[in-house]
Amino acid sequence: MVPTLLFPTNSQAENTVAANEATSASVTADSTTDPYYSYYQTAYGKTGTALKSALHNIIDDHKKLSYDSLWAALRDTDEDPNNPNNVILLYTGRSQSKLTNGGLVNDWNREHVWAKSHGGFGETAGAGTDLHHIRPADVSVNSARGNLDFDNGGVYHSEATLCRYDSDSWEPRDAVKGDVARMLLYMAVRYEGDVSGEPNLEMKDAVNTGTAPYHGKLSTLLQWHLQDPVDSFEMRRNNIIYTKYQGNRNPFIDHPEWVDLIW
């Protein structure tokens, strides 16, 4: 059974869009208005590259997981809120048993939203095992997405029937478009190539970005970020990754308005 997930009301969505479209020079907060004030305090009052750099310094140096450990972690982070025995698959939205992971037809496996070949990190601890961009996905759907950039358009997928794709891009279902955008933007901030062995990941406003450390399409992803505001599933996932696994957060889930101040 596919669960009914909790999403923001129309007024919440409008407020999120308004926050992201704000043109204020900076964002400020204090401990009475922001539950994550102490975590992000060095980022407040900054914009552009200064904000990006401050956020990088906050979220880097997280605990690095092994690739094998991701199976158990994903059973926790992506648990179906209506059925604790199941996980929700990213592209299909299907709820299925946590124990049906593997490589067989209709199993779920580990989808790297920032495609491995776009960063050259493979399954190496760090970028290759970062839970903030790895999600459960149907095996054949994961294969169909491959290393495509993200953009609108194409034909509908036969199994992930709310997703579309063509020769150079993949469009996820509407309910997770913002999730995908915020995961990629996190990766572009977290991995700056300032540590030996880590890639320098960058967003690009294009498709067909190849195997260089680029992912696109930035303008489409920014639209998706506005179109699909942060929901309770994302917030729960962010909290679990922070408290139980990596010790770092996705700042664009906690502060969606920061996307506009950087990009």
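Helices (H or I, at least four residues) and strands (E, at least two) are DSSP runs, numbered from the N terminus. This is a predicted model: local features need pLDDT of at least 70, side-chain atom pairs count only at pLDDT 80 or more, and totals for chains, interfaces and linings use all residues. Residues are numbered from 1 along each chain as its sequence is written, and side-chain values use heavy atoms, with hydrogens and water left out.

**Exercise 1. The backbone at three loop residues**

Task: Find where Lys217 lies, and describe the peptide bond from Gly216 to Lys217. Then describe phi and accessibility for Asp61 and Asn106.

Solution.
- Step 1. Start with the background: most residues other than glycine have a negative phi, and most peptide bonds are trans.
- Step 2. Lys217 sits in the loop between strand S11 (214-215) and H7. The bond from Gly216 to Lys217 is cis, and its omega is near 10°.
- Step 3. Asp61 is not a glycine, yet its phi is positive, near 60°. Its place is the loop between H3 and helix H4 (70-77).
- Step 4. Now sort by accessibility. Buried means under 20% relative accessible area, exposed over 50%, and partly exposed in between (1.4 Å probe, protein chains only). Asp61 has 64% relative accessibility, so Asp61 counts as exposed.
- Step 5. Asn106 also has a positive phi, about 70°, without being a glycine. Asn106 lies in the loop between strand S3 (95-97) and S4. With a relative accessible area of 43%, Asn106 is partly exposed.

**Exercise 2. Glu111 and its strand**

Task: Is Glu111 buried or exposed? Which residue in S5 is its bridge partner?

Solution.
- Step 1. Place the residue. Glu111 is in strand S4. S4 (residues 108-112) is mostly covered, with five of its five residues buried.
- Step 2. Check the residue itself. Glu111 has a relative accessible area of 2%, so Glu111 is buried.
- Step 3. Look for the partner strand. Two strands pair if DSSP finds at least two bridges between them. S4 and strand S5 (residues 134-138) run antiparallel and are joined by five bridges.
- Step 4. Name the partner. Arg135 in S5 is the bridge partner of Glu111. The two residues are 24 apart in sequence, and their C-alpha atoms are 5.2 Å apart in space.
- Step 5. List the contacts (heavy atoms within 4.5 Å). Beyond neighbours within four places in sequence, Glu111 touches residues including Leu90, Tyr91, Asn142 and Arg145.

**Exercise 3. Two open sheets**

Task: What is the strand order in the sheet of three strands, and in the sheet of four?

Solution.
- Step 1. Recall that strands of a sheet pair through backbone hydrogen bonds, either parallel or antiparallel.
- Step 2. The three-strand sheet is open, has the order S1-S2-S3 and pairs in the antiparallel sense. Strand S1 (79-80) and S3 are at the edges with a single partner strand each, so one side of each has no neighbour in the sheet.
- Step 3. Zoom in on one pair. S1 and strand S2 (residues 83-88) are antiparallel over two bridges. Here Glu79 stands opposite Val87 in S2.
- Step 4. The four-strand sheet is also open, with the order S6-S9-S8-S7 and mixed pairing. Its edge strands are S6 (149-150) and S7 (155-156), and each pairs on one side only.
- Step 5. S7 pairs with strand S8 (residues 164-165) in the antiparallel sense over two bridges. Val155 stands opposite Tyr165 in S8.

**Exercise 4. Helix H6 and two partners**

Task: At what angles does H6 cross H7 and pack with H3?

Solution.
- Step 1. Know the method. Axes are lines fitted to C-alpha atoms, for helices over the stretch in contact, and angles run from 0 to 180 degrees between N-to-C directions.
- Step 2. Know the classes. Angles under 35 degrees count as roughly parallel, over 145 as roughly antiparallel, 65 to 115 as roughly perpendicular and the rest as oblique.
- Step 3. The axes of H6 (residues 177-190) and H7 (residues 218-227) cross at roughly 125° and come within 7 Å. H6 and H7 are therefore oblique.
- Step 4. Residues in this contact include Val180 and Leu184 of H6 and Leu221 and Trp224 of H7.
- Step 5. H3 (residues 48-59) and H6 pack at about 85°, their axes 8 Å apart. H3 is therefore roughly perpendicular to H6.
- Step 6. Lys52, Leu55, His56 and Ile59 in H3 meet Tyr186, Ala188, Val189 and Arg190 in H6.
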